[in-house]
Structures are given as C-alpha cells and as structure tokens.
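Q: Please take a close look at one part of this protein, the place where its two domains meet, and work outward from there. I would like the contacts, the burial and the charged pairs set out in a connected way.

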Amino acid sequence: MQRHHEIASTPENMVWGYLDCSTRPVLEINSGDSVTLHSFPAGGKETLPDDLSLVPEDYRVALETMQPGPGPHFITGPVYVRGANVGDTLQVDILNVKVRQDWGFVSILPLLGTLPDEFTDYETIHPVIDREREVCIMPWGTEIPLAPFFGIIATAPPPSWGRCGSPVPRAFGGNMDNKELRAGTTLYLPVFNEGALFFAGDGHGVQGDGEVCITALETGVTGTFRLTVRKDMGLQWPFAESATHLMSIGLDEDLDDAAKQAVREMVKHVCARTNRTRNEAYMLCSLAGNLRVTQLVDGNKGIHMLLPKALL
C-alpha cells in the first residue's frame, strides 16, 4: 500500500549548498510512496527583508544554525527509496507545489547573471506575494501571476564525483531551474546510488525562461512528490513529460552544445516510444519541437525541447 510522508523543515533534514551521496538519508520510503517537503529561498541573511517579522521561524532557525556550503541553496533530503539500485531510473511525479511565504526576493549580484558587466548597480528587491490571489506585486506595482516550482530536483551524484556544489546542474538533475517542472509534470532521473537519494529545494515563485538576472522570485515553497523506481528505463540523463508534451533537457557550458543535447535526447526518446526511425524523429523535432532557453546563469546553461505527445 502506498503511503504519504512529510519531512519537517528543520536543519537536520536539509543541506545548504551542496549535493553529496554520503549525506545521511532523512527518510526511507517504499517505491510509489509520496513525500511532502518544504524549501526556503536561496541565499543568506543578506537576502532578508527589513521587516524580519515576515521571516518564518523555521527559516530563521536554518539561517542561524546551518553551515553554508559552496552554493546558496537550501535543499531538503536525501530520501532513500527502497529497491532503487545503480542504473535504475527514479520517476518523480510532481503532484503539488505551493508558495509558503508572503514575500520573495530578486537580486542583481556582482559577476553573475547574463549581463554582469552592464549591470553593476547591485540591488535586491522584495516583491510582496499575495498567496490568495496567486500573484507577486513588484515594488513599482506590476502584478505577475505565480507559477511556483522547485529549482533543484535531483538524485545524489555518483560517489566518484564527491560533494558537488549546488549551483551547477548535471546528469543527476540538480539546479536545472526549469519552470516547466511544475505540478502535473513527471521528471525521470538516473540513479547513481543505492536508494536513489532524492533531494529537492530552491523554491521559486515565478521565473521567465532564461532567469537572466541570476534569480527567479526566490521564495519558500512546499511540494509533494511521488517517487517510483523504474527498472525498465535505464536513463543516463534527465528527461520529463507532462500530460501533453515530452520534454528533453540539455545542459552544457556552451548553449549550442546544450541545444544539441536537447535535440539528441528528444530523438532518442521519440524512437524509444514509437516505431519512427532516427531520421523521422529528427524531422519531427524540426517541425514540431520547440527549443527554449531554460536558464543562462548556472554554469551549465540549459536548453529544453517541448514536443507535443499528440504527434507521436
């Protein structure tokens, strides 16, 4: 029987700024169980609003007691999924994501973002979040509809990679900052360790494709995931799908190479799901696949392709 679990938003259930397969699991579950977990915004005390009464108590405790790592992201986990072995795939059904704070922040920071040499008047703003109306309100009055998601969804990296800083997305997923990985989407991640060791964090309230200035609307989110071990896929790279689209993911320091990878991955998955030849799948991608810039700011840049399932 499938069970539901919740991970409390306490320091012992989180890491700050890294992913490491040697981290002690905070929960052990069966394949097919669901897990609710909570995330805080990336960054430290310098990102907080002037009115500290707006800062949730559990977030303040984390800031006061946790040791920051090589990255800025609070990440919950890992979750050990029984039956997951090296070479398997972890199916991550994103069941629900909700904003859990009444504010977020957006920053322009030194040496970061898409145009670091052109934007040197560094600034952090704190848009108000109206959770009832599901909008954020910019300081100049513009209202932007919320579309919350987790910037980081990952399995633990291979043991040989050691401790990986949280900013750079890789084969295990991680800081992909893909706004399409929202409620209703399924993400497939390669398993590099026994138990898969699932992590999620880096709450975003809304983000444009590109995340050009370095941040999304960084805020706290709560999400529920169903984690299922797949023995029949054997993926070596992240892939996703929604009810209507397949989504391939490319990650590379060079945006051209990220695009090539996204196309290559989509061709592979179309061939695996249909009787199309590689040439036919490639032509289908050219006519109906839409390449989008996921993000430009995480070391490995991201490109994802969306292909309508109806055309399979």
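A: What follows begins with the domains, goes on to a histidine and its surroundings, and then turns to a strand, a loop residue and the salt bridges.

The model is a predicted one, and its chain is divided into domain 1, covering 4–230, and domain 2, covering 244–311. The contact between the two draws 22 residues from domain 1 and 15 residues from domain 2. Taken over C-alpha atoms, the centres of domain 1 and domain 2 are separated by 24 Å. Between them the two domains bury about 1400 Å², and 58% of that area is on carbon and sulfur atoms. As for polar interactions across this interface, the rule finds 6 residue pairs in polar contact, both residues being at pLDDT 80 or more, together with 1 salt bridge.

A salt bridge with N to O at 3.2 Å is made by the side chains of Glu 180 and Arg 292. Both of these residues, Glu 180 and Arg 292, are also among the contacts of His 304, which makes that histidine a useful residue to examine in detail.

His 304 belongs to strand β22, which spans residues 301–308. Is His 304 buried or exposed? Its relative accessibility is 0%, and therefore His 304 counts as buried. When neighbours within four places in sequence are left aside, the residues in contact with His 304 include Asn 178, Glu 180 and Asp 209, as well as Met 247, Ser 248 and Asn 290. The remainder of that set is made up of Leu 291, Arg 292, Val 293 and Thr 294. With Thr 294 there is also a polar contact, in which the side chains of the two residues, His 304 and Thr 294, are joined at 2.7 Å.

Asp 209, one of the residues that His 304 touches, has a charged partner of its own, since the side chains of Lys 179 and Asp 209 meet in a salt bridge at 3.9 Å, N to O. Lys 179 is in the loop between β15 (173–175) and β16 (186–190), whereas Asp 209 is in the loop between β17 (198–204) and β18, so this pair ties together parts that lie 30 residues apart in sequence. Lys 179 counts as partly exposed at 26% relative accessibility, and Asp 209 is likewise partly exposed, with a relative accessible area of 31%.

Strand β18 leads on to another buried element. It runs antiparallel to β5, to which it is joined by 6 bridges, and within this pairing Arg 226 of β18 is the bridge partner of Ser 34. Strand β5 also pairs with strand β1 (residues 4–6), here in the parallel sense and over 3 bridges, with His 5 standing opposite Val 35. Because 6 of the 6 residues of β5 (residues 34–39) are buried, the strand is largely enclosed by the rest of the structure. Its two faces are both covered, with Ser 34, Thr 36 and His 38 buried on one side and Val 35, Leu 37 and Ser 39 buried on the other.

In the loop between α2 (255–273) and α3 (278–288) one finds Thr 274, which is buried at a relative accessible area of 17%. The side chain of Thr 274 reaches the backbone oxygen of Val 270 at 2.7 Å and the backbone nitrogen of Arg 276 at 3.1 Å. From Thr 274 to Val 26 the C-alpha to C-alpha distance is 39 Å, with their positions 248 residues apart in sequence.

Side chains of opposite charge can pair when their charged atoms come close, and by the rule used here the count comes to 19 salt bridges. One of them is formed by Glu 64 and Lys 45, whose closest N and O atoms are 3.1 Å apart. Glu 64 lies in helix α1 (residues 57–65) and Lys 45 in the loop between β5 and α1, so the pair ties together parts 19 residues apart in sequence. Glu 64 counts as exposed at 56% relative accessibility, while Lys 45, at 48%, counts as partly exposed.

Another salt bridge is formed by Asp 88 with Lys 231, the closest N and O atoms being 2.6 Å apart. This pair links distant parts of the chain, 143 residues apart: Asp 88 is in the loop between β6 (74–81) and β7 (89–99), and Lys 231 is in the loop between β18 and β19 (239–241). Asp 88 counts as buried at 9% relative accessibility, whereas Lys 231 counts as exposed at 53%.

Terms used: Residues are numbered from 1 along each chain as its sequence is written. This is a predicted model: local features need pLDDT of at least 70, side-chain atom pairs count only at pLDDT 80 or more; totals for chains, interfaces and linings use all residues. Side-chain values use heavy atoms; hydrogens and water are left out. Helices (H or I, at least four residues) and strands (E, at least two) are DSSP runs, numbered from the N terminus. Buried means under 20% relative accessible area, exposed over 50%, partly exposed in between (1.4 Å probe, protein chains only). A polar contact is a pair of N or O atoms within 3.5 Å; within protein, one must be able to donate a hydrogen and the other to accept it, and residues adjacent in sequence count only if both atoms are side-chain atoms. Contact means heavy atoms within 4.5 Å. Two strands pair if DSSP finds at least two bridges between them. Domain bounds come from an automatic or database domain assignment. Buried area is the accessible area (1.4 Å probe) that two parts lose on being put together, summed over both. A salt bridge is a side-chain nitrogen of Lys or Arg within 4 Å of a carboxyl oxygen of Asp or Glu.
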